[in-house]
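Trainee: Hi! Could you walk me through this one?
Mentor: Happy to. Let's bring it up.

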Amino acid sequence: MDCNRPYFFDKDGDERMVKQNPVNWQALANLVERESRTSLPQRPWDILDLGCHTGGFLELINNRFGKRLDGGSFIKSLAGVEPIESARDEAEKRMPWATFDAWIEETPTCSIDLVVGHEFLYLVQDLYFWTRQLKRILRPEGGAFISLGSHGENTAWLRWRKPLLELYGHTSYIYQPINILDTGYHAGFNMELHRLHTQPQTEMRYSPPEDGWGEFVSAKEALDFQQQKYVFIFYPKR
Ligand SMILES: C[S@@+](CC[C@H](N)C(=O)[O-])C[C@H]1O[C@@H](n2cnc3c(N)ncnc32)[C@H](O)[C@@H]1O
């Protein structure tokens with residue numbers, strides 16, 4: 001991916017992404033909250049969002065977890081990883097108290113309690129290397145919540161890859177969900193698989209694709225789409 005480009009898609013495409021993704025970010029934050037009661041450290045977390053783009057999800061996390069009922073906070077620090085410099089700059093402006101790097105390799109070892117990431121893993125070239133980096137940066141009692149609909153079991157996604165390459169130069173990698181689970185397990189994680197959306201979505205606003213990607217071929221495919229988003233939880237084996 002060309003990291004000097006000003007947008008991930010283009011101006012309109014990025015605006016659309018920022019407008020459409022909060023429903024997924026909310027669902028991911030709900031899962032973190034549920035799991036935090038039993039499976040995450042009971043102290044403020046150092047949090048990292050992988051593929052944070054302009055920081056919208058981090059801001060949601062800040063609003064959602066920044067204050068506890070007892071007046072404390074679930075957050076010790078916030079950070080993001082984002083290769084596109086202009087997106088990273090915008091995230092920095094939005095949250096001057098957070099820190100941002102371009103690549104996961106720049107994150108210090110054993111420094112993070114909670115890693116989140118929404119729709120970026122299909123852009124990672126080497127799943128094996130990335131999983132080992134994840135293991136390196138996470139504290140043993142932490143966890144990573146990585147959400148993905150762009151995977152090898154999603155037929156719509158498999159059609160969209162070609163136009164995305166032609167239109168935006170996005171090279172995407174096909175990961176089968178079972179391979180993500182297997183790779184994580186062999187890197188030293190206890191792996192969990194969840195649906196991102198626990199309830200089927202029974203409605204979807206239909207907007208015909210303007211730029212040649214994102215079309216559905218059937219009503220069923222459109223309605224099934226959100227249900228094909230999975231969350232892979234990586235807990236270091238304890
Ligand atoms: C589909 S967008 C999703 C952005 C954001 N997570 C969201 O939910 O709206 C994918 C993002 O991942 C970033 N990205 C690309 N390659 C990456 C990598 N190797 N590691 C982390 N992020 C990457 C892209 O620049 C882009 O901002």
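Trainee: Before we start, what share of the chain's contacts with a separation of 6 or more is between residues 24 or more positions apart?
Mentor: Those pairs account for 79%, with contact meaning C-beta atoms, placed from the backbone, within 7 Å. Keep in mind that this is a predicted model: local features need pLDDT of at least 70, side-chain atom pairs count only at pLDDT 80 or more, and totals for chains, interfaces and linings use all residues. Residues are numbered from 1 along each chain as its sequence is written.

Trainee: Got it. How many helices and strands?
Mentor: The chain has eight helices and seven strands, which are DSSP runs numbered from the N terminus (helices H or I, at least four residues; strands E, at least two).

Trainee: And the ligand, which residues are closest?
Mentor: Of the 18 around the ligand, the closest are Gly51, His53, His118, Phe120 and Leu123. Near here means a C-beta atom, placed from the backbone, within 6 Å.

Trainee: Where does His53 sit?
Mentor: In the loop between strand S1 (45-50) and helix H3 (56-65). Its phi is near 50°, a positive value in a non-glycine residue.

Trainee: Buried or exposed?
Mentor: His53 is buried because it has 24 C-beta neighbours inside 10 Å. The cut-offs within that 10 Å are 20 or more other C-beta atoms for buried, 12 or fewer for exposed, and partly exposed in between, with C-beta atoms placed from the backbone.

Trainee: What about Cys110?
Mentor: Cys110 also has a positive phi, about 55°, but is exposed, with 12 other C-beta atoms within 10 Å. Cys110 lies in the loop between strand S3 (99-101) and strand S4 (112-118).

Key: Two residues are in contact if their C-beta atoms, placed from the backbone, lie within 7 Å.
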